[in-house]
Every structure is written in C-alpha cells, then in structure tokens.
Amino acid sequence: MTIECLTRRQILLGLSGVAVATMLPNTAQASRSTHGVKDLHFFNRHTGERSQGSFWIDGQYQAETLTDFNQVLRDHRQNVAAPIDKRLFEYLYKLQLTLDNQDEIHVISAYRSPKTNQMLASKSNGVAKKSYHMKGMAMDIAIPGVSTKNLRDAAASLKLGGVGFYPRDGFIHVDCGPVRRWG
C-alpha cells in the first residue's frame, strides 16, 4: 500500500513539474538547450574569399568549419592563419540575431600577425600596438545594407566586448576583450 501511494505521489509531482515547465516562456526553455545550429557567412574584402558554415551544431563546435573560417580570416598581408577565438564567433552570431540579419559579414580585418600589426600601427595611431587582432580576438566588419551606426549600436547593446566605430571608413571593430566603446 505505501509503495502504491509513493508511486502516485511521484507521478503527481512529476506531472506538476511538467505543468510548471510549460508555463515558462519559450526563451527560458530555449536558453537551457545546448542543441541547435549556429551559422555564419564571411566575405574577406581583401582576398575576395568567402566562407560559410555551421560552426556550432547540437552543442558542439565544428572543427572543420572553424578551420575554414580561420583560413578566410587570416592575415592576408603575411598569408598567416591563426585560430580565431570562439567567443568572437559567438559574438558575431548574437549580433546577427540582434539585427535579425543573416547576411554575409564583410571582413576588413580579422587575425593580424605581429609584423602586420606593427606595420599598420606605424602608419596610423588608430591601430593599437597590443591589438586584440593579434590574438584572434577582434574583427573589423561591415554588413551591406546595415548602417555602421546601427551595427555599432547593436554590438554595444550586447555588452560582449569592445566596440569601435569608424563611420568614415564604413566599418566597426568588435572584440571579445573587456566591454568598452570608442569612436
């Protein structure tokens, strides 16, 4: 008799848990999920190369896609590729969700070798000597059809890292360093 009562109690508790879970907003349920697909599309303005793919599928980063991305996002001046920080891909993915835009991201600069960064810094005081680009943690981007102001505002609203604004040059800088803004 007590086993039967215990079983009924467990069933009722289980059903009440299901009822509560169905009352939660879909976003709360979705945020706990590790499943899904995250896609990005890149166009390197300097090399003309494109790369697109799912960098995250069902809770796993996709090594082959990340390798392809790293190649397109390489330092084109030295022809050197390096791993791009996965947090930067997450940042860009969330940026596109915020903008409700899945168009190709135009890349002005991603990974920079120390040699390239030193050369650029010597020509412009707008290039940091210890740039996050050298760590694969920064990208200068534009999205055709999205104003640089809207792109900047959306990136800054995420509070995921640095956001630089270069309206005259038609791009923004995003990095997965400390949260800050300039330009």
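Student: What makes Tyr-91, Lys-94, Leu-95, Thr-98 and Leu-99 in α4 partners of residues in α6?

Tutor: This is a predicted model, and contact here means heavy atoms within 4.5 Å. Those α4 residues meet Asn-150, Leu-151, Ala-154, Ala-155, Ser-157 and Leu-158 in α6. The two groups count as partners because they meet that cut-off.

Student: What makes some residues of the contact of α4 with α6 nonpolar, and how many are there?

Tutor: There are seven nonpolar residues, along with three polar and one charged. Leu and Ala count as nonpolar and Lys as charged, so Lys-94 is the charged residue here.

Student: How do you describe the way helix α4 and helix α6 lie together?

Tutor: Two packed helices are described by the angle between their axes and the distance between the axes. For α4 (residues 86-99) and α6 (residues 148-158), the axes come within 9 Å and cross at roughly 115°. As for the hand, α4 passes α6 in a right-handed crossing. That name is used because the near helix is turned clockwise from the far one.

Student: Let's look at the sheet. What makes β3 and β8 edge strands?

Tutor: Start with the order, β3-β2-β1-β4-β5-β7-β6-β8, in an open sheet of eight strands with mixed pairing. β3 (60-61) and β8 (180-182) each pair on one side only, and this earns them the name. Helix α3 (residues 63-72) packs on the sheet and touches β1, β2 and β3. The direction of α3 makes about 145° with that of β2.

Student: How do you know that β6 and β8 pair?

Tutor: At least two bridges are needed, and three join β6 (residues 162-166) to β8, so the two count as paired. They run parallel, and one of the bridge partners is Gly-164 with Trp-182 in β8.

Student: Do β1 and β2 run in the parallel or the antiparallel sense, and over how many bridges?

Tutor: They pair in the antiparallel sense over seven bridges, so the cut-off of at least two is met. Lys-38 stands opposite Trp-56 in β2. Five residues lie between the strands of this hairpin, and Gly-48 takes a positive phi near 80° there. On to β4: three bridges join β1 to β4, and these strands run parallel. The bridge partner of Phe-43 is His-106 in β4.

Student: Now for the empty spaces. Why is one of them called a cavity?

Tutor: Rolling a probe the size of a water molecule over the atoms shows where empty space is left. A cavity is a place where the probe fits but cannot get out. The search of the whole structure finds one cavity of 30 Å³ or more, and about 60 Å³ of space lies in the largest cavity. Its lining includes Asn-44, His-46, Asp-75 and Tyr-111. β4 gives the most to that lining, with three residues. By class, the lining of the largest cavity has four nonpolar, four polar and four charged residues.

Student: What is the volume of the largest pocket, and why is it called a pocket?

Tutor: The largest pocket holds about 530 Å³ of space, and it is called a pocket because its set of points is open. It is lined by 23 residues, and the closest to its centre are Arg-112, Gly-126, Val-127, Asp-140 and Phe-171.

Student: Which strand gives the most to the lining of the largest pocket?

Tutor: That is β7, with three residues. β4 (105-109), β7 (171-175) and β8 each supply at least two. The lining of this pocket divides into eight nonpolar, seven polar and eight charged residues.

Note on methods
Residues are numbered from 1 along each chain as its sequence is written. This is a predicted model: local features need pLDDT of at least 70, side-chain atom pairs count only at pLDDT 80 or more; totals for chains, interfaces and linings use all residues. Side-chain values use heavy atoms; hydrogens and water are left out. Helices (H or I, at least four residues) and strands (E, at least two) are DSSP runs, numbered from the N terminus. Axes are lines fitted to C-alpha atoms, for helices over the stretch in contact, and angles run from 0 to 180 degrees between N-to-C directions. On a 1 Å grid over the protein atoms alone, a cavity is a set of points where a 1.4 Å probe fits but cannot get out, and a pocket is an open set with protein on both sides within 12 Å along at least five of seven lines; lining residues have an atom within 4 Å of a point. Grid points are joined across faces, edges and corners, and a volume is the space filled by probe spheres set on the points.
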